[in-house]
Amino acid sequence: MSKNKVLQPNFKISFLLPKYWLTWLGVFILYSISWLPYKFQLFLGRQIGKLLFSIGGKRKRVAERNLALCFPEMPVNERQRILKKNFENTGIALLETGMGWWWPEWRVKRKCKVVGLEHLEQAHKEGKGVLLLAMHYLSAEINCRGIGTGHPMVVFYRPHNNPLMEYFQYRGRGRSNKYMLGKKDVKGLLKALNDGETCIYLPDQDYGRNRSLFVPFFAVPDAATTTGTLIFARNKNTYSHMLVPTRNDDGSGYTLEIKPRLENFPTGDDEADVIRINQELEQAILYKPEQYMWLHRRFKTRPNKDDPSLYK
């Protein structure tokens with residue numbers, strides 16, 4: 001097993017100090033709600049999302065701006081419809097954190113249908129590791145458990161800044177998976193791929209100027225796009241696949257589709273390769289745009305440091 005730079009966090013007596021009491025309260029509420037009937041949680045999540053939408057604030061402005069940048073030709077009323085639905089899905093996502101962290105495996109399996117596991121099984125028969133490329137869909141927490149119940153993975157992730165939340169996050173995300181690697185543990189992920197593991201990686205956010213190229217993403221011609229993906233995809237023992245996870249509209253649960261291997265990828269042309277990744281992400285996002293995490297400042301890094309921000 002790869003040496004994990006993010007050591008599994010252990011419980012600390014300091015977690016009982018007053019500064020963590022609000023965190024404990026939030027965790028208790030989330031845990032308690034997670035045991036309610038699933039469709040009631042969907043209903044409750046939508047109401048939370050509607051409340052967040054009515055309050056507005058920075059995140060709403062960011063999401064609205066992202067939609068305008070990505071879909072400038074879309075009618076304003078259609079973008080507003082997606083925005084409202086996006087906030088409803090954000091409210092649901094808050095409760096899905098509890099589902100993902102605490103649901104027993106039988107309940108996860110009942111709600112999560114994984115399509116395309118045969119692609120992973122074939123890769124492993126050939127002795128290959130799999131780089132599973134995903135995107136920040138709002139249902140990520142339950143999706144992580146859903147894939148893991150059928151095919152345990154290595155999860156590449158960003159540790160939480162709050163130590164108590166990290167304690168719960170690490171255990172929750174790792175319940176049905178093998179182990180977790182911090183986002184800076186490049187060597188650890190390469191070793192996992194060489195060991196024939198399936199490793200999940202999300203290349204769809206703005207990770208800054210370092211190791212990035214400015215290429216099109218939807219209608220934005222110069223979106224900072226990480227080339228870090230290619231470090232792993234170039235590994236000779238690795239196949240790359242897209243993962244498209246969605247929450248079913250009928251309230252029945254989740255469909256997690258693993259796409260066939262990306263053929264002729266990477267090509268060695270970094271710009272062409274990251275453009276292709278963005279195009280694959282666009283197709284996946286367009287399937288359910290209201291379920292994508294538009295609340296992040298995807299276009300915060302500009303090609304030139306003195307370029308005006310797209311969020312002012």
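**Aromatic pairs and nonpolar cores**

Phenylalanine 156 is buried in this predicted model, since its relative accessible area of 11% falls under the 20% limit. Phenylalanine 232, with a relative accessibility of 2%, counts as buried as well.

These two residues lead into the aromatic contacts, for a search of the whole structure finds 26 aromatic pairs. The ring centres of phenylalanine 156 and phenylalanine 232 lie 5.8 Å apart and their planes meet at 70°, so the pair is edge-to-face, an angle over 60 degrees being what that term requires. The pair links distant parts of the chain, because phenylalanine 156 belongs to strand E3 (residues 154-157) and phenylalanine 232 to helix H10 (residues 228-233), 76 residues apart.

For phenylalanine 217 and phenylalanine 299, the centres are 6.3 Å apart and the planes stand at 50°, so this pair is tilted. Phenylalanine 217 is part of strand E6 (residues 212-217), whereas phenylalanine 299 lies in the segment after helix H11 (270-287), so the pair ties together parts that are 82 residues apart in sequence. Both phenylalanine 217 and phenylalanine 299 are buried.

Phenylalanine 299 also leads to the largest nonpolar core, which has 45 residues, and in which Met135, Leu189, Trp294 and Phe299 touch the most other members. Leaving aside residues up to four places away in sequence, tryptophan 294 touches residues including Val62, Leu67, Phe71, Phe218 and Ile285. Apart from this core lies another, of 28 residues, among them Leu42, Ile92, Cys144 and Leu256.

Two lysines also meet aromatic rings: lysine 60 lies over the face of phenylalanine 53, at 3.8 Å from the ring centre, and the charged end of lysine 288 sits over the ring of tyrosine 287, 5.6 Å from its centre.

Note on methods. Residues numbered from 1 in each chain as written. Predicted model: local features only at pLDDT ≥ 70, side-chain atom pairs only at ≥ 80, totals over all residues. Heavy atoms only, no water. Core = buried A, V, L, I, M, F, W, Y, C linked by side-chain atoms within 4.5 Å. Buried < 20%, exposed > 50% of the residue type's maximum accessible area, 1.4 Å probe, protein only. Contact = heavy atoms within 4.5 Å. Phe/Tyr/Trp six-rings, centres within 6.5 Å; stacked < 30°, edge-to-face > 60°. Helix = DSSP H or I, 4+ residues; strand = E, 2+ residues; numbered from the N terminus. Lys NZ or Arg CZ within 6 Å of the ring centre and 35° of its normal.
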